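Student: I have a model open and want to learn how to read it. Where do I begin?

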Amino acid sequence: MQKEVRSQRLTMFLQTAQNPAVAPFVKISKLVSELAYSLDLDPDEILNDPEEAAMMAQIIGMQNAGQTNSEETQPTSQQSPMGGVQGTPEQPQELGVTGTGGGNIGIGNVPVAGESEFSGTPRAVGPTG
């Protein structure tokens with residue numbers, strides 16, 4: 001039970017560490033290793049060492065660069081359903097200043113009864129308030 005709680009907390013922290021403002025302060029390789037251990041997995045068997053990880057990051061970076069170039073030259077009808085070549089997902093969209101997808105819903109004050117923007121009907125207030 002304790003390992004399950006620990007793995008949930010590590011997963012939550014890993015999600016937090018994906019924030020660009022937090023990421024530089026986190027030792028991701030150690031965090032992933034601890035997460036693997038909490039899931040009863042042998043980190044030495046499933047995780048790349050730093051050299052292998054750098055090589056994989058470079059390969060993935062080259063694949064992503066190739067996808068960007070090929071997506072620009074391909075008509076949209078020839079792209080895969082996942083948005084990229086070889087079925088990899090597209091890069092995430094810009095989240096905007098609110099961090100919720102760039103939308104502006106909910107900006108401003110809530111209208112109050114009696115204002116021209118208020119569309120509800122005022123409710124009757126009883127003797128108790």
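Tutor: We will go from the fold to the core, then to the surface. Keep in mind that this model is predicted.

Student: How many helices and strands are there in the protein?

Tutor: Start with the secondary structure. Here there are 4 helices and 0 strands. Along the sequence, the pattern reads α-α-α-α.

Student: What share of the 129 residues is buried?

Tutor: Buried residues make up 10% of the 129. For contacts with a separation of 6 or more, 25% come from residues 24 or more positions apart.

Student: Which residues make up the largest nonpolar core?

Tutor: Look for buried nonpolar residues joined through side-chain atoms. In this protein, the largest such core has 5 residues: L10, A17, V26, L31 and L35. Helices α1 (2–17) and α2 (28–38) each supply at least two of them.

Student: What is L10 in contact with, leaving aside its neighbours within four places in sequence?

Tutor: L10 touches L31, E34, L35 and S38. Of these partners, L31 and L35 also belong to the core.

Student: Now the surface. Which residues make the nonpolar patch of about 480 Å²?

Tutor: That patch is made by M55, M56, I59, I60 and M62. One of its residues, M62, lies in helix α4 (residues 50–73).

Student: Why does M62 count as exposed?

Tutor: Check its relative accessibility against the cut-off: exposed means over 50%. M62 counts as exposed because its value is 57%.

Student: And how much area does the protein expose in total?

Tutor: About 11000 Å². Carbon and sulfur atoms supply 57% of that area.

How values were computed
Residues are numbered from 1 along each chain as its sequence is written. This is a predicted model: local features need pLDDT of at least 70, side-chain atom pairs count only at pLDDT 80 or more; totals for chains, interfaces and linings use all residues. Side-chain values use heavy atoms; hydrogens and water are left out. A nonpolar core is a set of buried Ala, Val, Leu, Ile, Met, Phe, Trp, Tyr and Cys residues joined through side-chain atoms within 4.5 Å. Buried means under 20% relative accessible area, exposed over 50%, partly exposed in between (1.4 Å probe, protein chains only). Helices (H or I, at least four residues) and strands (E, at least two) are DSSP runs, numbered from the N terminus. Contact means heavy atoms within 4.5 Å. Patches are made of residues with over 30% relative accessible area and no salt bridge: like charges are joined within 9 Å, nonpolar side chains (Val, Leu, Ile, Met, Phe, Trp, Tyr) within 5 Å. Accessible areas come from the Shrake-Rupley method with a 1.4 Å probe; for residues, only the protein chains shown count as cover. A salt bridge is a side-chain nitrogen of Lys or Arg within 4 Å of a carboxyl oxygen of Asp or Glu.
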